[in-house]
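Student: I've got this model open and I'd like a close look at one part of it, the way the helices pack. Could you walk me through that slowly?

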Amino acid sequence: MKTPVHSPKDIRSALADALASRGFARAARARALLKYLVEAKLADDSARLKEASIAVDVFGRAPTRFDGDTDGIVRVSINRLRQALARYYGSEGGEALFRFEIPLGSYAPVIRRRTPGGLPSQPRILVLPLANFTGKPCNDALCDGLTEDLIDALAQLSSVRVLARTSSFKFKAVSADIRAIAQDVSADAVLEGSVQEVGARLRLTAQMILASDSTHLWSHSFEADAENRAQLQGQLIDLMQRSIVDMTDSPSTAIADREAAVVSGEALFTMSGSTVAIAHYHRGLYAYRQGTVAGFTAAEKSFSDAVRTDPGFARAHAALARTWWAKGNAGIEGLTVAAHRALAATRQAMALAPFDPLVLAAHGYLVFFVDYDPSAALAFAVRAIRHGPHVIEAHLLHAKICSYLRRFETANESLEIARAQSSLSPLRRRRPCRHRGTRLSSCVDGAGRARVP
């Protein structure tokens, strides 16, 4: 049985309260943007929730002249709106029945009902099998796989208890009241959803429902290319994390869970490699992040083992390239050799997985520093963000190139997105990277190019 959606009248009432608040009183642009996004969401008009449409309809940009790569007005305004909403719900709107959020990497607002009191500190979550509404039995495996991936990812979060796969799949294709299902397994909240086809794309719709009264905590839809399972999963995990943080009162738990969600999202992108290769890959990531000579050496071995185990594992090639580049900059080996080995490795990774966001970001980075082609590098960064809006490396690369091109406002927006996604972001744990006793900045010339001896 489907649970009722939020009443448009109640949502518009909550919107009016937000727009009339002191925080939005002096922010005409934020008011106009929030009203536009919420109305588009209520009308289920996905075409209006695109960067170009927002630029034209809200900010008066000319339809034939707007270029999102060079004009960052929408991204900057969206980021400021996120900040304004956070301030509002931290003060005047603290008791608002509904909350409006703009997830990272998306312009579609999420409308969530405020979580009532009474939930335990570690609520039990049941993930129901995603329903296959595509009309194609061949997509049953896709829906089941997405459900299993989500259960595995959420099981890594310490602030909730996720019921096991066997508990979830006993309700596959079962039509019953949510309260009855939740009572059967003693769940405090239930996540249900479906997968539909929209042209050549897939739409995943998901709702988090309170077991006590069958009301929605949130409901949202995502779209992605049929083969881009990782994007669907990554967006859903990010939204799930936001809901879970609101259920818990411990800041330390919220931070730890956000980091776990980022790690989980990253793991979902690596499913194209064999099990053994993925194990080598994650050992390499752990070693690489140490930022030491020993770490880089160990990372090179692990990534090489991953490539040898599975030559088609694109992310291992890209990670090996970043390791060679890091070793060159650290003076562990000659920078000329390291630079050209690294660029060749990312080209191979691109041939294997041209839509993988981490591969795109790694290749764009080397195109910028080794080939010194800012325009091509920027294009790779934009593609990386499009295919992986939750990949921090993509936003950092975009910020670096925009800063070099003196598009400082756009660069700052990308930095803010990267910073918000993880407290373990490189922005918060910078270490001086040295090349033969000098800082990394000494390894680039005034134009930002790598100095290759």
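Tutor: Here is a walk through the helix packing, with a couple of buried spots at the end. Keep in mind that this is a predicted model.

For orientation, the protein chain has 18 helices and 10 strands. Of its 453 residues, 52% are buried. If you take the contacts with a separation of 6 or more, 59% of them are between residues 24 or more positions apart.

Let's begin with one helix pair, α1 (residues 8-19) and α3 (residues 28-42). Their axes come within 11 Å and cross at roughly 175°. An angle over 145 degrees counts as roughly antiparallel, so that is how α1 and α3 run relative to each other. On the α1 side, the contact is made by P8, I11, R12, L15, A18 and L19, and α3 answers with R31, L34, K35, V38, E39 and L42. Sort the residues of this α1 and α3 contact by class and you get eight nonpolar, four charged and no polar ones.

Now for the nonpolar cores. The largest one holds 51 residues, and the members that touch the most others are Y281, F303, W325, L366 and I401. Who builds it? At least two residues of this core come from each of α11 (275-288), α12 (293-309), α13 (314-329), α14 (335-352), α15 (357-369), α16 (374-387) and α17 (392-404). The largest share belongs to α15, with 10 residues. There's also a second, separate core of 33 residues, and L19, V38, L49 and F66 are among its members. You've already met L19 and V38, by the way: they sit in the contact of α1 with α3. As background, nonpolar side chains tend to be buried together in soluble globular proteins.

Two other buried residues are worth a click. Helix α5 is where you'll find N79, and with a relative accessible area of 10%, N79 is buried; the cut-off for that is under 20%. The N79 side chain makes a polar contact of 3.3 Å with the side chain of E413. Setting aside neighbours within four places in sequence, N79 is in contact with E413 and E416.

The other one is G93, in the loop between α5 (73-89) and β1 (98-101). Loop or not, G93 is buried, at a relative accessible area of 1%. Measure across to S21 in your viewer: G93 and S21 are 72 residues apart in sequence, with their C-alpha atoms 8.3 Å apart in space.

Terms used: Residues numbered from 1 in each chain as written. Predicted model: local features only at pLDDT ≥ 70, side-chain atom pairs only at ≥ 80, totals over all residues. Heavy atoms only, no water. Core = buried A, V, L, I, M, F, W, Y, C linked by side-chain atoms within 4.5 Å. Buried < 20%, exposed > 50% of the residue type's maximum accessible area, 1.4 Å probe, protein only. Helix = DSSP H or I, 4+ residues; strand = E, 2+ residues; numbered from the N terminus. Axes fitted to C-alpha atoms, helices over the stretch in contact; angles between N-to-C directions. Parallel < 35°, antiparallel > 145°, perpendicular 65-115°, else oblique. Contact = heavy atoms within 4.5 Å. Nonpolar A, V, L, I, M, F, W, Y, C, P; charged D, E, K, R; others polar. Polar contact = N/O pair within 3.5 Å; in protein donor to acceptor, adjacent residues only side chain to side chain.
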